[in-house]
Amino acid sequence: MVVPPAYHESLPYIDTEPTPEALDAARALIQAEATSQPRASSPAPEPSFSPAIQSELSRIASSTASQPLDLSRYEAPSSDAPPATALPSSAVAQSYLESRQSNLALLEKWGKNAWLLGNHALESELQALERDLAAAKRDIDLVNLERRNRQEAVAAEMKTLDETWRAGVGRVLETEVAVEELNGKIREELARRAGQHTEVSGQ
């Protein structure tokens, strides 16, 4: 997916908008610079997993279905089970059923209130975050408005300075061209006089 370019509020307000040709030329330069620079990619470290995670990854790689939890230990033993195994199984099942009954009773008594309190706490936190976000956005808008007003207040002066700078650069270039032309004429005149002096010496 191509990520669109980001336009930040920190850009100047008084600068003229670039033409599509200038934008295309700038993007071409950026792309050429990005492709010319080699990407320094460091090798990724080898992951280290525990045996349990490694076995689970192997199971997923082999597309093997996961084994469901064994709930037989919580079931009541059959009537024909030997006493040596029936007694421990009965104790485990009784403990599980008592714990489940206790948890269901607590959930029936306090679950609704706990759920409502949790929702209230989450809603309060969300409202606080939304207030902070609104305040941050307001501060950003105020900063951008102040920055825009300051830039527009000096826009005319900046334009005058820019025109003066361009005119100064143009005069410097004109002066350099005139100096080069004058140097060329001086060299031509020196060459002509040197030729005349050679002719007079030969006579």
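## Welcome to the model

Helices (H or I, at least four residues) are DSSP runs numbered from the N terminus. Helix α4 covers residues 155–202, and D162 and R166 sit 4 residues apart in α4, so about one helical turn separates them.

The model is predicted: local features need pLDDT of at least 70, side-chain atom pairs count only at pLDDT 80 or more, and totals for chains, interfaces and linings use all residues. Residues are numbered from 1 along each chain as its sequence is written, and side-chain values use heavy atoms, with hydrogens and water left out.

## Two pockets

Let us start with the open spaces. A pocket is an open set of points on a 1 Å grid over the protein atoms alone, where a 1.4 Å probe fits and protein lies on both sides within 12 Å along at least five of seven lines; lining residues have an atom within 4 Å of a point. The volume of the largest pocket is about 310 Å³, counted as the space filled by probe spheres set on the points, which are joined across faces, edges and corners. Its lining has 10 residues, and L11, P12, T16, E17 and P18 are the closest to the pocket centre. By class, the lining of the largest pocket holds 6 nonpolar, 1 polar and 3 charged residues. Here Ala, Val, Leu, Ile, Met, Phe, Trp, Tyr, Cys and Pro count as nonpolar, Asp, Glu, Lys and Arg as charged, and the others as polar.

The second largest pocket has a volume of about 250 Å³. Its lining brings together I14, D15 and T16 with A155, M158, K159, L161, D162 and R166. These lining residues of the second largest pocket split into 4 nonpolar, 1 polar and 4 charged. T16 is worth finding in the structure: T16 lines the second largest pocket and is also among the residues closest to the centre of the largest pocket.

## Salt bridges along the helices

The structure contains 7 salt bridges, each a side-chain nitrogen of Lys or Arg within 4 Å of a carboxyl oxygen of Asp or Glu. One of them involves two residues from the lining of the second largest pocket: the side chains of D162 and R166 meet with N and O 2.8 Å apart. D162 is partly exposed because its relative accessibility is 33%, while R166 counts as exposed at 54%. The cut-offs are under 20% relative accessible area for buried and over 50% for exposed, with partly exposed in between (1.4 Å probe, protein chains only).

Further along α4, R193 and E189 form a salt bridge at 3.0 Å, N to O. They are 4 residues apart in helix α4, so the separation is about one helical turn. R193 is exposed, with 53% relative accessible area, whereas E189 is partly exposed at 27%. Shared partners link the salt bridges of E189, R192 and R193 into one network.

Helix α3 (residues 83–153) offers another example, with R148 and E152 placed 4 residues apart, about one turn of the helix. The closest N and O atoms of this salt bridge, R148 to E152, are 3.2 Å apart. Both partners count as partly exposed, R148 at 39% relative accessibility and E152 at 46%.

## Helix α2 and the loop after it

Which residues make the nonpolar surface patch of about 360 Å²? F49, I53, L57 and I60 do. Patches take residues with over 30% relative accessible area and no salt bridge, and they join nonpolar side chains (Val, Leu, Ile, Met, Phe, Trp, Tyr) within 5 Å and like charges within 9 Å. Areas come from the Shrake-Rupley method with a 1.4 Å probe. I53 lies in helix α2, which spans residues 51–61, and is partly exposed because its relative accessibility is 42%.

Q54 also belongs to helix α2, where a relative accessible area of 40% makes Q54 partly exposed. In the loop between α2 and α3 you will find S63. S63 has a positive phi of about 55°, although S63 is not a glycine. Most residues other than glycine have a negative phi. With 67% relative accessibility, S63 counts as exposed.

## Distances to try yourself

Where does sequence separation lead in space? Q54 and S42 are 12 residues apart in sequence and 25 Å apart in space, C-alpha to C-alpha. For D139 and R100, 39 residues apart in sequence, the C-alpha to C-alpha distance is 53 Å. D139 is found in helix α3 and counts as partly exposed at 43% relative accessibility.

Note on methods. Helices (H or I, at least four residues) and strands (E, at least two) are DSSP runs, numbered from the N terminus.
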